[in-house]
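Okay everyone, thanks for coming. Pull up the chain on your screens and let's walk through it together.

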Amino acid sequence: MTSVTGPWPALHATLTRYADTNERCNMLHRSHQLATGSVLVADDQAANRDLLEELLTAQGYTVITVADGAAALAELAQTPIDLVLLDVMMPRMNGFETCEKIKANPDTYLVPVILITALSDKQDRLAGIKVGADDFLSRPVDRAELLARVRSLLKLKQRTDELERAESVLFTLARSIEGKDPYTHGHCERLSEYSARLGQHLGLSEDQLIALRRAGVVHDVGKIAVPDAILLKPGSLTPDEWMLIKEHPVVGERICAPLKSFRFVLPIIRHHHEKFNGSGYPDGLRGEAIPITARVLQIVDVYDALTTDRPYKHAFSITDALQTMKQEVAKGWWDAHVFDEFERLVRSGTADFLSRGAAAGARS
């Protein structure tokens with residue numbers, strides 16, 4: 001049997017050496033450069049805009065200036081911005097309102113916002129915190145303080161961007177694995193969306209819901225270590241092939257482990273093939289020892305597999321799929337409470353899109 005653990009340490013070591021070398025090169029390169037980053041300044045006073053632009057441009061930053069909050073939002077919609085400096089007292093849309101809209105937008109909520117104000121009242125600071133401001137500066141603006149706060153927030157933004165790029169690579173890898181099999185078209189998106197909906201219905205925390213959305217996409221990333229001939233095999237698997245398939249949750253966990261932001265995702269990846277009676281894999285966990293997030297995702301995963309055409313079977317109807325899952329619950333495979341809540345959502349019509357998505361995938 002081919003072992004997935006054989007080439008993995010060498011591959012991991014190679015990637016680690018590459019990352020370390022690349023980081024040293026980046027550090028050396030950055031040490032010989034001026035600061036970089038794009039800063040959007042919104043202030044209705046031209047003199048204030050000019051002053052901030054002069055200070056920041058001298059440090060190497062790219063600066064864009066606008067005269068009010070509405071113009072700032074329009075600029076953010078079309079230009080990649082790393083940090084926003086907002087005057088509080090502006091016409092049309094003040095700094096508080098603008099900041100609140102920036103932080104409410106999924107495309108811009110990670111962009112740091114500094115509010116600049118002559119207001120010193122504690123309530124104004126609290127209002128800024130409430131709308132999501134990352135920092136404050138008081139007028140008259142102190143040059144050293146301005147540059148220190150800008151540098152600090154841009155470093156944080158850079159780390160956030162690096163994390164997003166790493167997550168993007170993993171998501172692309174996971175989707176490329178899914179793309180090999182036309183029968184699983186849209187599977188990742190359906191699991192991501194509906195497992196989060198089911199988790200929300202069960203009252204899971206926001207961290208758990210985010211983990212479910214991510215895990216829906218990357219839960220099977222470990223299948224990269226499984227040859228296509230086995231993944232796409234229309235007939236029964238041999239014992240050796242089945243053992244190889246059963247290692248993919250561990251491989252997937254190992255691939256995603258370096259990302260600290262995936263700490264709630266890792267248990268889902270590793271345990272989404274466990275069974276409530278302890279007969280699953282890779283660890284044979286039993287009952288509530290299986291993380292609740294893994295129990296949620298596996299219910300949606302099974303339902304999606306049943307209602308989708310596969311090489312070894314035709315798609316089940318909703319009624320037949322739920323009946324089959326009831327029988328599996330009776331065998332002790334799935335959490336009965338989670339399944340009951342899932343069935344309730346399906347019967348209510350809330351899960352219609354899941355079945356339509358599966359049917360569309362089967363036809364494509």
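Let me start with a question: how many contacts beyond four places in sequence does the model have for residues 21–33, where pLDDT stays under 50? The number is 2. Keep in mind that what you're looking at is a predicted model, so we check confidence before anything else. There's another stretch like that: residues 1–8 also stay under a pLDDT of 50, and for those the model has 13 contacts beyond four places in sequence. Where pLDDT is low, the predicted coordinates should not be read in detail. For the chain as a whole, the average pLDDT is 83, and 82% of the residues score at least 70.

Okay, the overall picture. We've got 16 helices and 5 strands. Of the 364 residues in the chain, 42% are buried. And if you take contacts with a separation of 6 or more, 63% of them are between residues 24 or more positions apart.

Now let's zoom in on helix α15, residues 336–347. How does α7 run relative to α15, roughly perpendicular or roughly parallel? Well, the axes of α15 and α7, which covers residues 187–201, come within 10 Å and cross at roughly 110°. An angle from 65 to 115 degrees counts as roughly perpendicular, so that's what we call α7 and α15. On the α7 side, the residues in this contact are Tyr194, Leu198 and His201; on the α15 side they're Val338, Glu341, Phe342, Leu345 and Val346. By type, that's 6 nonpolar, 1 polar and 1 charged.

α15 has another neighbour, helix α14, residues 318–330. Here the axes come within 11 Å and cross at roughly 170°. That angle makes α14 roughly antiparallel to α15. From α14, the contact uses Ile318, Thr319, Leu322, Met325, Lys326 and Val329, and from α15 it uses Ala336, Phe339, Phe342, Glu343, Val346 and Arg347. The split this time is 8 nonpolar, 1 polar and 3 charged.

Did you catch Phe342? That residue is in the contact with α7, and in the contact with α14 as well. So let's stay with the rings for a minute.

There are 4 aromatic pairs by the rule used here. In one of them, the rings of Tyr303 and Phe342 have centres 5.0 Å apart and planes at 70°; over 60 degrees counts as edge-to-face, so that's what this pair is. Tyr303 sits in helix α13, residues 292–306, while Phe342 is in α15, so the pair links parts of the chain that are distant, 39 residues apart. Are these two buried or exposed? Tyr303 has 0% relative accessibility, so it counts as buried. Phe342 is also at 0%, and it's buried too. Add Tyr194 to Tyr303 and Phe342, and you have one aromatic cluster. You've met Tyr194 already, on the α7 side of that contact with α15.

Trp333 and Trp334 are also edge-to-face, because their planes are at 80°, with ring centres 6.0 Å apart. Trp333 is partly exposed at 22% relative accessibility, whereas Trp334 is buried at 8%. The cut-off for buried is under 20%, which is why those two get separate labels.

Next stop, Glu167, in helix α6, residues 143–179. This is a charged residue, and it's buried, with a relative accessible area of 9%. What does Glu167 touch, leaving out residues up to four places away in sequence? Arg214, Leu259, Ser261 and Phe262. Take Arg214: it's 47 residues from Glu167 in sequence, but their C-alpha atoms are 9.1 Å apart in space.

Last, a few backbone details in the loops. The peptide bond from Arg139 to Pro140 is cis, with omega near 0°. Pro140 is in the loop between β5 and α6, and α6 is the helix that holds Glu167. A cis peptide bond also joins Tyr281 and Pro282, with omega about 10°; find Pro282 in the loop between α12 and α13.

And which residue has a positive phi although it is not a glycine? Arg92, with a phi of about 65°. Look for it in the loop between β3 and α4. Arg92 counts as exposed, at 69% relative accessibility.

Technical notes. Residues numbered from 1 in each chain as written. Predicted model: local features only at pLDDT ≥ 70, side-chain atom pairs only at ≥ 80, totals over all residues. Heavy atoms only, no water. Helix = DSSP H or I, 4+ residues; strand = E, 2+ residues; numbered from the N terminus. Buried < 20%, exposed > 50% of the residue type's maximum accessible area, 1.4 Å probe, protein only. Contact = heavy atoms within 4.5 Å. Axes fitted to C-alpha atoms, helices over the stretch in contact; angles between N-to-C directions. Parallel < 35°, antiparallel > 145°, perpendicular 65-115°, else oblique. pLDDT = per-residue confidence, 0-100. Phe/Tyr/Trp six-rings, centres within 6.5 Å; stacked < 30°, edge-to-face > 60°.
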